[in-house]
Amino acid sequence: MANQFDVIILGGGPAGYVAAIRSAQLGLSTAVIEQEKLGGVCVNIGCIPTKALLHSAYIANLLKESKDFGVDAGSVKTDYGVAMKRSRRVSDQNSKGVEFLMKKNKITVVKGTGTLQPGKKMKVGSDVYEAKKAVIIATGSRVKGIPQIGLDINKTTVISSDEALFLESTPKSLAIVGAGAVGMEFADIFNAFGAKVTLLEALPRILPLEDADAAAELVKVYKKRGIDVIAGAKVTQAKVGKDKVTLDVEAGGAKQQVEAAVVLMAAGRAVNTENIGLKETGIQLTDRGFIKVDPNLQTTAPGYYAIGDVAGPPMLAHKGSREGVHVAELLAGQKPHAIRYDNVPSVTYCHPEVASIGLTEDQCKEKKLDYVAGKFPFSANGRARGSGETEGFVKILRDKKYGEILGAHIVGAHASEMIHELAVARENEYTVEEIELAIHAHPTMSEAVAQAALDSLGRAIDM
Ligand code: NAI
């Protein structure tokens, strides 16, 4: 039967397309159903284009300081439209790359909107596809507004990252609601491109999931750059006018108003679980609205799996991709390693970058763990001084008795790259002594990792 495959995957984002490639590598006939471009939010309107824009922002900020480095770049002019178009080209290249990988791995891509049906079937338009082994749901998530306080995304004065990524120019003033990864990254971008940015976060501090020291460092840097950072600030109501939005904000027991030409909603995402046939196939949701899965990512309906954002937090591309590999290997009869959800790196790609793995210091305290913190600032690192990137630090939290790395936090240039030394260490249960034992090249920013490990042992050399 032409429409029969071993595995059918609904959604071609970083969870779905990776599951497809791994399935095909293992000899399973595979189809991916995708209604838009391959690559999902990550490639088309998320991770990839934002990284291109953040690099433009980095260049803008660098050029503003270039005189100090003996390079007079004259007066620096920025053009968001040009940066945006470049980011689109980068995105398209990546999406085409995914298309190529589908062909290379002989994966059938069906263009259209799929709906699950009982009996491991999938309906796309008038066609029905049948999976011999399993259906994998990887439908991802989407931006959300807060309509109950008047912040419905209208795509002009109240926008989401979806629209911000396609703007032709920078708004004069921008209020960002939410200082998680999305809010922090766009604050960086639009500040560098000349907008007056106000960042509002309801919880007591920005980047609430990161270590308190990391958040404090970013507040310092952002304020210095002229970004208005207001934490503990809940937006309670919005008045949306034709060319401005007025936000009622409650902060520190007092009420204030914030006005901006445009409001960017960065207050979390909603999962795409509606109208895909979950009820009809007996697939249940958790209390928080994610698809309920067992440790093997199988849903409450046998033969249907869920991966990526729909399967629960953290809503990160690399977590979804790992789940895709995991399910594909299970379906091919392998016994993949259990996914260590406590060892998923988290990165916010603002400048300086924030990267972490494992527990924060507050979590160590809450769990009453006997820990020691080691910390090393980049201001004491030769390589960082050379490149003028001395903001931030490496902080390692180690178990006092066994030296196990409980958590690690890096704020600084290239933190997103440096965190993986600590990810490998934690995955393999290396101790801080074992990290330091590996000789770190000099001069590198990674030396700060070794020095933070040493500091946790009370014997940092360079500080
Ligand atoms: P988020 O959930 O990480 O952060 C949203 C923030 O908005 C929270 O801190 C919340 O307290 C705040 N908030 C909610 N309502 C508010 C109100 N009325 N007033 C003020 N603040 C309010 O969501 P975000 O940043 O939108 O990201 C969505 C998902 O996408 C997350 O899971 C995130 O990890 C992921 N993502 C990851 C990126 C990365 O890895 N670099 C980049 C972008 C997104």
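**Talking through a predicted model**

Trainee: Okay, this is a predicted model. Leaving aside neighbours within four places in sequence, which residues is S321 in contact with?

Mentor: Once the neighbours within four places in sequence are set aside, the contacts of S321 are P14, A15 and V18.

Trainee: Is S321 buried or exposed?

Mentor: First, place S321: helix 9, residues 317–331, holds it. Buried means under 20% relative accessible area. S321 comes in at 17% relative accessibility, so the label is buried.

Trainee: Helix 9 also turns up in a core. Which residues have the most contacts inside the largest nonpolar core?

Mentor: That core has 48 residues. Helix 9 gives two or more residues to it, as do other elements including helix 4 (80–104) and strand 6 (127–137). Take I136: leaving aside neighbours within four places in sequence, its contacts include V7, I9, Y305 and L331. The residues with the most contacts inside the core are M102, L116, M122, I136 and I137.

Trainee: How many residues does the second, separate core have?

Mentor: Among its members are I176, F186, V229 and C350. The count for this second core is 38 residues.

Trainee: Now the open sheet of five strands. Which strands stand at its edges?

Mentor: Read the order, 18-19-22-21-20, with antiparallel pairing. Each edge strand has a single partner strand, so one side of it is left without a neighbour in the sheet. The twist from one strand to the next averages 10 degrees. The edge strands are strand 18 (346–348) and strand 20 (371–377).

Trainee: What is the bridge partner of A355 in strand 22?

Mentor: Work across the sheet from the edge. Strand 18 is joined to strand 19 (residues 353–358) by three bridges, with T348 partnered by V354. Strand 19 then runs antiparallel to strand 22, with six bridges joining them. There, the partner of A355 is I410.

Trainee: Which residue in the turn between strand 21 and strand 22 has a positive phi?

Mentor: Strand 21 and strand 22 are antiparallel and joined by six bridges, and R398 stands opposite I405 in strand 22. The two strands form a hairpin with five residues between them. The turn residue with a positive phi, about 80 degrees, is G403.

Trainee: How many of the residues of strand 22 are buried?

Mentor: Helix 12 (residues 415–427) lies across several strands, strand 22 included, and runs at about 170 degrees to strand 22. Helix 14 (residues 447–456) lies across strand 20, strand 21 and strand 22. Strand 22 is mostly covered, and its buried count is eight of eight.

Key: Residues are numbered from 1 along each chain as its sequence is written. This is a predicted model: local features need pLDDT of at least 70, side-chain atom pairs count only at pLDDT 80 or more; totals for chains, interfaces and linings use all residues. Side-chain values use heavy atoms; hydrogens and water are left out. Two strands pair if DSSP finds at least two bridges between them. Helices (H or I, at least four residues) and strands (E, at least two) are DSSP runs, numbered from the N terminus. Axes are lines fitted to C-alpha atoms, for helices over the stretch in contact, and angles run from 0 to 180 degrees between N-to-C directions. Contact means heavy atoms within 4.5 Å. Buried means under 20% relative accessible area, exposed over 50%, partly exposed in between (1.4 Å probe, protein chains only). A nonpolar core is a set of buried Ala, Val, Leu, Ile, Met, Phe, Trp, Tyr and Cys residues joined through side-chain atoms within 4.5 Å.
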